[in-house]
Amino acid sequence: MEPTAGHHNMSDTPDHPYRYRDAGVDIDAGAALVERIKPMAHGTARCGGDGSLGGFGAVFDLAACDFRDPILLAATDGVGTKLLVANAVGCHDTIGIDLVAMCVNDLVVQGAEPLFFLDYFATSALDVEAAATVLSGIADGCRQAGCALIGGETAELPGLYRPGDYDLAGFAVGAVERDGLLTGEHVAVGDVILGIASSGIHSNGYSLVRRVVEGEGMDYFEPAPFDAGTSLGKALLTPTRIYVKNLLAAIPCGIKALAHITGGGLPENLPRVLPDGTAAAIETTWDLPPVFAWLHRNAGVPDDEMLRTFNCGVGMAAVVAAADTDAVTESLTAAGETVFSIGSIQRGDGGVTIVGGEYWRR
């Protein structure tokens, strides 16, 4: 029987055979990337994880870490539209640090030591050089956090992403002894709230940041208006600070609770560690970093909205008993952190009160 008109005879060999590469997916490029990142992953090896790649699943030996009665914690996050700034300036070497930081900082606030990390890298068509640069940043972040990069996924998705675009997601698992889990349950009226300085905007609020840049007709390659020694794009890409090792060392000095100040700022993140019947009173006595003063001035964002959108210079908040303030501060300061007293715990309904309007005009 002759094939019906309009239908292909699948037994015939087409003149132009379909290949995955022609559809926009290059398997060879993916394999080349894996080979490029193997040494990076190996450089993150730690007890329990050797940093090797290539299996169907990543393996971690928890027994090798000498925990007595561990609880596992997991976190996942991305870096949002900060990726678009990285793409605009062609600078991809630190965005991976941001990815790791956003995950491991969420683990350490519960007292957990990050154990291992996996990444998801998706793009339209794989640029091995750019992807390897991103992944080198991920490996750097893992080393800073003391966790092993034990696996990940690279996906080429032509049609879903525009040419040159890519997206990132990260997944971290940590462990803490059962009796060392920080929940905030021991926070009490009279405790002191310490702020630990951020390195800049970190990885939240970049949709507003980009709107300001576009609205002011600025170029990412021009000098930063708040730091003439570098370009605007490079300044905005300052990586998120990873607090893990310094906080793990300071927790035994008397830290009762920790809050990672990300999207929502102090008003929405501090309440997550406040027990019933308490509230946080914050005084904006610390110096507002120049990048935030610039955003406030150029964007015309109201004071309270600034504090709800950005970290405004406080990347972590620690709650400690008044008697332990000096010990915690000394531990963190000796490790290189900048610490300042920003408030106290009072009786209340779990909210955060922030005073000090002159903060924005200093």
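Helix α9 is followed by G300, whose phi is positive, near 65°. In this predicted model, the helix spans residues 290-299, and V291, F292, W294, L295 and H296 are its buried members. These buried residues pack against three other helices, namely α5, α6 and α10. Of these, α5 covers residues 206-215, α6 covers 232-236 and α10 covers 303-309.

Positive phi values also occur at residues that are not glycine. D66 has a phi of about 65° and lies in the loop between α1 (27-42) and β1 (70-77). With a relative accessibility of 67%, D66 counts as exposed. H202 likewise has a positive phi of about 65° without being a glycine. H202 is located in the loop between β5 and α5; its relative accessibility is 2%, so H202 counts as buried.

The loop between β5 (192-197) and α5 also holds N204. A polar atom of the N204 side chain lies 3.4 Å from the backbone nitrogen of G263. Leaving aside residues up to four places away in sequence, N204 touches M102, T262, G263, T309 and F310. One of these partners, F310, is located in the loop between α10 and β10 (314-320) and is buried, with a relative accessible area of 2%.

Aromatic pairing was examined next. A pair of aromatic rings is described by the distance of the centres and the angle of the planes. The structure holds 5 aromatic pairs. In one of them, the ring centres of W286 and F340 are 6.1 Å apart and the planes lie at 10°, under the 30 degrees that bounds stacking, so the pair is stacked. The two residues come from distant parts of the chain, 54 residues apart: W286 belongs to the loop between β9 (278-283) and α9, whereas F340 belongs to strand β11 (residues 339-347). W286 is buried, its relative accessible area being 3%. In another pair, F292 and F310 have ring centres 6.0 Å apart and planes at 55°, so this pair is tilted. F292 and F310 are 18 residues apart, and the pair links helix α9 to the loop between α10 and β10. F292 has a relative accessibility of 0% and therefore counts as buried. F310 thus takes part in the tilted pair with F292 and also touches N204.

The largest nonpolar core comprises 80 residues, and F117, L236 and I255 have the most contacts inside it. When residues up to four places away in sequence are not counted, I255 touches L182, L247, A250, A318, V319, V320 and V328. A second, separate core contains 19 residues, among them A280, A317, V319 and I342.

L181 lies in the loop between β4 (166-177) and β5. At 29% relative accessibility, L181 falls between the 20% limit for buried and the 50% limit for exposed residues, and so counts as partly exposed. L181 touches I71, L73, Q110 and V176, with residues up to four places away in sequence not counted. Its C-alpha atom is separated by 5.8 Å from that of Q110, although L181 and Q110 are 71 residues apart along the chain.

The structure holds 0 disulfides. The cysteine sulfur closest to that of C142 belongs to C147, at 3.9 Å; this separation is too far for a bond, because a disulfide requires sulfur atoms within 2.5 Å. C142 is buried, with a relative accessible area of 0%. C91 is also buried, with a relative accessible area of 12%.

Over the whole protein, 11 helices and 12 strands are present. Buried residues account for 49% of the 362 residues. Among contacts with a separation of 6 or more, 84% join residues 24 or more positions apart. The accessible surface of the protein comes to about 17,100 Å², and carbon and sulfur atoms contribute 52% of this area.

How values were computed:
Residues numbered from 1 in each chain as written. Predicted model: local features only at pLDDT ≥ 70, side-chain atom pairs only at ≥ 80, totals over all residues. Heavy atoms only, no water. Core = buried A, V, L, I, M, F, W, Y, C linked by side-chain atoms within 4.5 Å. Buried < 20%, exposed > 50% of the residue type's maximum accessible area, 1.4 Å probe, protein only. Contact = heavy atoms within 4.5 Å. Helix = DSSP H or I, 4+ residues; strand = E, 2+ residues; numbered from the N terminus. Polar contact = N/O pair within 3.5 Å; in protein donor to acceptor, adjacent residues only side chain to side chain. Phe/Tyr/Trp six-rings, centres within 6.5 Å; stacked < 30°, edge-to-face > 60°. Areas by Shrake-Rupley, 256 points an atom, 1.4 Å probe, with all protein chains shown as cover.
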